[in-house]
Amino acid sequence: MQDTPAQPTAFSLLGGEDRVRELVDRFYDLMDLESEFAGIRSMHPEALGGSRDKLFWFLCGWLGGPNHYIERFGHPMLRARHLPFPIATSERDQWLRCMAWAMQDIGVEASLQERLMQAFHGTADWMRNRAG
Ligand code: HEM
């Protein structure tokens with residue numbers, strides 16, 4: 001029987017760690033700069049360095065690459081970790097719009113953007129913890 005080639009991960013399609021870091025940096029730069037994201041920006045610490053690192057470590061593994069986040073912190077328990085922050089539809093949509101904008105800005109290929117937005121939507125929707 002012939003070996004079937006392994007499906008490339010989203011991590012490798014995106015271009016590996018440097019590209020994940022670029023995406024996260026653009027995401028938080030936009031969150032910091034654009035007034036439409038002021039609602040979710042205000043939930044974050046004033047200095048965004050720690051938030052950038054954590055999202056970068058998490059996304060590497062979530063996209064099918066190295067498990068930097070789990071190695072440092074164990075199971076992500078993302079929904080529980082977001083419970084202190086009131087997340088309703090508006091906050092979910094700000095996060096998703098900021099991520100879509102960041103992917104566009106760093107030039108993620110169109111079909112990969114679409115695939116990732118579907119996956120981000122599922123995770124962000126699951127994080128909602130308030131009505132509205
Ligand atoms: C739905 C809207 C979302 C809002 C408003 C939100 C907001 C936040 C805030 C305020 C923090 C704390 C930042 C810090 O302590 O530095 C955080 C942490 C985090 N968020 Fe989100 N987030 C959302 C969705 C997501 C999604 C969709 C993902 C992953 C795909 C994600 C991944 C993370 C990770 C990995 C952390 C760090 C957790 C930790 O170790 O403390 N978030 N988020």
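**Entry 1: helix α7**

I began with α7 and looked up what lies over its buried residues, and found that the cover includes α2, α3 (38-41), α4 and α8. I note at the outset that this is a predicted model. The residues of α7 that I found buried are Glu 91, Arg 92, Gln 94, Leu 96, Cys 98, Met 99, Ala 102, Met 103 and Ile 106. I then checked the length of the helix: the 18 residues of α7 should span 26 Å at 1.5 Å a residue, and because its end C-alpha atoms are 26 Å apart, the two values agree. Directly after α7 I came to Gly 107, which takes a positive phi of about 75 degrees.

**Entry 2: α7 against α8**

I turned next to the pair α7 and α8, whose axes are 10 Å apart and which pack at an angle of about 160 degrees. Angles over 145 degrees count as roughly antiparallel, and α7 and α8 are therefore roughly antiparallel to each other. I recorded their crossing as right-handed. On the α7 side the contact is made by Arg 92, Trp 95, Leu 96, Met 99, Ala 100, Met 103 and Gln 104, and on the α8 side by Gln 113, Leu 116, Met 117, Phe 120, His 121, Ala 124 and Asp 125.

**Entry 3: α7 against α2**

For α2 and α7 I read a crossing angle of roughly 125 degrees, with axes that come within 8 Å; the two helices are therefore oblique to each other. This crossing, too, I entered as right-handed. From α2 the residues that meet α7 are Arg 19, Glu 22, Leu 23, Arg 26, Phe 27, Leu 30 and Met 31, and I found them set against Trp 95, Cys 98, Met 99, Trp 101, Ala 102, Met 103, Asp 105 and Ile 106 of α7.

**Entry 4: α2 against α4**

I then looked at how α2 meets α4, and found that their axes come within 9 Å and cross at roughly 140 degrees. This pair is therefore oblique, and its crossing is right-handed. The α2 residues that I listed here are Glu 17, Val 20, Arg 21, Val 24, Asp 25, Phe 27, Tyr 28 and Asp 29, which meet Ser 51, Arg 52, Asp 53, Leu 55, Phe 56, Leu 59 and Cys 60 of α4.

**Entry 5: helix α4 and Trp 57**

Helix α4 has 14 residues and reaches 20 Å from its first C-alpha to its last, close to the 20 Å expected at 1.5 Å a residue. Within α4 I found Ser 51, Arg 52, Leu 55, Phe 56, Trp 57, Phe 58, Leu 59 and Cys 60 buried, and these buried residues pack against α1, α2, α5, α6 (78-82), α7 and α8. I looked more carefully at Trp 57, which counts as buried because its relative accessibility is 18%, under the 20% cut-off. Setting aside neighbours within four places in sequence, I found Trp 57 in contact with Pro 66, His 68, Tyr 69, Arg 72 and Phe 73. Of these, I looked up the spacing to His 68, which is eleven residues from Trp 57 in sequence and 5.0 Å from Trp 57 in space, C-alpha to C-alpha.

**Entry 6: the loops after α4 and α5**

After α4 comes Gly 64, whose phi is positive, near 100 degrees. Gly 65 lies in the loop between α4 and α5 (68-73), and with 19% relative accessibility Gly 65 counts as buried. Apart from neighbours within four places in sequence, Gly 65 is in contact with Phe 11 and Cys 60; between Gly 65 and Glu 17 I noted a C-alpha to C-alpha distance of 8.2 Å, although the two are 48 residues apart in sequence. Further on, in the loop between α5 and α6, I came to Met 77, a residue other than glycine with a positive phi, near 45 degrees. I checked this against the general rule that most residues other than glycine have a negative phi. With a relative accessible area of 45%, Met 77 is partly exposed.

**Entry 7: the nonpolar core**

Last, I looked up the largest nonpolar core, which has 35 residues, and in which Val 20, Phe 27, Leu 59 and Leu 63 have the most contacts. The elements giving two or more residues to this core are α1 (10-14), α2 (17-33), α4 (49-62), α7 (89-106) and α8 (110-126), and α2 gives the most, with seven residues. I followed Leu 59 outward and, not counting residues up to four places away in sequence, found that Leu 59 touches Val 20, Val 24, Met 99 and Phe 120.

Notes
Residues numbered from 1 in each chain as written. Predicted model: local features only at pLDDT ≥ 70, side-chain atom pairs only at ≥ 80, totals over all residues. Heavy atoms only, no water. Core = buried A, V, L, I, M, F, W, Y, C linked by side-chain atoms within 4.5 Å. Buried < 20%, exposed > 50% of the residue type's maximum accessible area, 1.4 Å probe, protein only. Helix = DSSP H or I, 4+ residues; strand = E, 2+ residues; numbered from the N terminus. Contact = heavy atoms within 4.5 Å. Expected span 1.5 Å × (residues − 1). Axes fitted to C-alpha atoms, helices over the stretch in contact; angles between N-to-C directions. Parallel < 35°, antiparallel > 145°, perpendicular 65-115°, else oblique. Left-handed = near helix turned anticlockwise from the far one by under 90°.
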